[in-house]
Amino acid sequence: QVQLVESGGGLVQPGGSLTLSCTASGARFDLLAMGWARQAPGKQREMVATITIGGTSSVEHIGQGRFTISRDDAKNTAYLQMNNLKPEDTAVYYCTAYNINSWGQGTQVTVSS
């Protein structure tokens, strides 16, 4: 069974940056297609970015120009680099291995002054 553990969330001021990490265990990471989603209070979960097994990345409009997704198969880890954060980016961010519908427990990101 795949386990996904997120880290790197926290409190950041508007305009600041954070890098989220997602470390996988229990499966060959190079066979996992990875993604990040987020859920703000009272809102539905929404995808933020994905990266395929081959490393092709895609960022949804909510993060274009600000967010970058990457992966390091040698470290079994996917990353979400977030720059120029805004208060509306406040949410719980979830890592997913979307080709097997596996999800992490989430990490809180709060953007506030």
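**Entry 1: Gly16**

I count two residues as in contact when they have heavy atoms within 4.5 Å of each other. I am working on a predicted model, which I keep in mind throughout. With that rule I looked up Gly16, setting aside its neighbours within four places in sequence, and found Met82, Asn83, Asn84 and Leu85 in contact with Gly16. I placed Gly16 in the loop between strand S2 (10-12) and strand S3 (18-25).

Is Gly16 buried or exposed? I read a relative accessible area of 17% for Gly16, and buried means under 20%, so Gly16 goes down as buried.

I also checked Gly16 against Gly55. They are 39 residues apart in sequence, and I get 26 Å between their C-alpha atoms.

**Entry 2: strand S3 and its partners**

Next I followed S3 itself. I found strand S1 (residues 3-7) paired with S3 in the antiparallel sense, over five bridges. As a marker for that pairing I noted Gln3, which stands opposite Ser25 in S3.

I then turned to strand S8 (residues 77-82), which runs antiparallel to S3 and is joined to S3 by six bridges. My marker here is Thr23, which stands opposite Thr77 in S8.

I picked Ser21 as a residue to inspect within S3. Ser21 has a relative accessible area of 17% and is buried. Which residues is Ser21 in contact with, leaving aside its neighbours within four places in sequence? I listed Val5, Glu6, Ser7, Trp36, Thr77, Ala78 and Tyr79.

A reminder to myself for reading side chains here: in a regular strand they alternate between the two faces of the sheet.

**Entry 3: salt bridges**

How many salt bridges does the count come to? I have five in my notes.

I started with Arg28 and Asp30, whose closest N and O atoms are 2.7 Å apart. Arg28 is exposed at 54% relative accessibility, while Asp30 is partly exposed at 29%.

Arg71 and Asp73 form a salt bridge too, with 2.8 Å between the closest N and O atoms. I have Arg71 as buried, at 16% relative accessible area, and Asp73 as partly exposed, at 32%.

Then I came to Arg66 and Asp89, whose side chains meet in a salt bridge at 2.6 Å, N to O. Arg66 lies in the loop between strand S6 (57-59) and strand S7 (67-72), and Asp89 lies in the loop between S8 and strand S9 (91-97), so this pair ties together parts that are 23 residues apart in sequence. I checked burial for both: Arg66 is buried at 10% relative accessibility, and Asp89 is buried at 1%.

I followed this pair outward and found that Arg66 and Asp89 belong with Arg38 and Glu46 in a network of salt bridges.

**Entry 4: the largest pocket**

Last, I looked up the largest pocket and noted a volume of about 180 Å³. Which of its 13 lining residues are the closest to the centre? I wrote down Arg38, Ala40, Lys43, Glu46 and Glu88. Arg38 and Glu46 were already in my notes from the salt-bridge network.

I also sorted the lining by class, which gave four nonpolar, three polar and six charged residues.

Notes: Residues are numbered from 1 along each chain as its sequence is written. This is a predicted model: local features need pLDDT of at least 70, side-chain atom pairs count only at pLDDT 80 or more; totals for chains, interfaces and linings use all residues. Side-chain values use heavy atoms; hydrogens and water are left out. Helices (H or I, at least four residues) and strands (E, at least two) are DSSP runs, numbered from the N terminus. Buried means under 20% relative accessible area, exposed over 50%, partly exposed in between (1.4 Å probe, protein chains only). Two strands pair if DSSP finds at least two bridges between them. A salt bridge is a side-chain nitrogen of Lys or Arg within 4 Å of a carboxyl oxygen of Asp or Glu. On a 1 Å grid over the protein atoms alone, a cavity is a set of points where a 1.4 Å probe fits but cannot get out, and a pocket is an open set with protein on both sides within 12 Å along at least five of seven lines; lining residues have an atom within 4 Å of a point. Grid points are joined across faces, edges and corners, and a volume is the space filled by probe spheres set on the points. Ala, Val, Leu, Ile, Met, Phe, Trp, Tyr, Cys and Pro count as nonpolar, Asp, Glu, Lys and Arg as charged, and the others, Gly among them, as polar.
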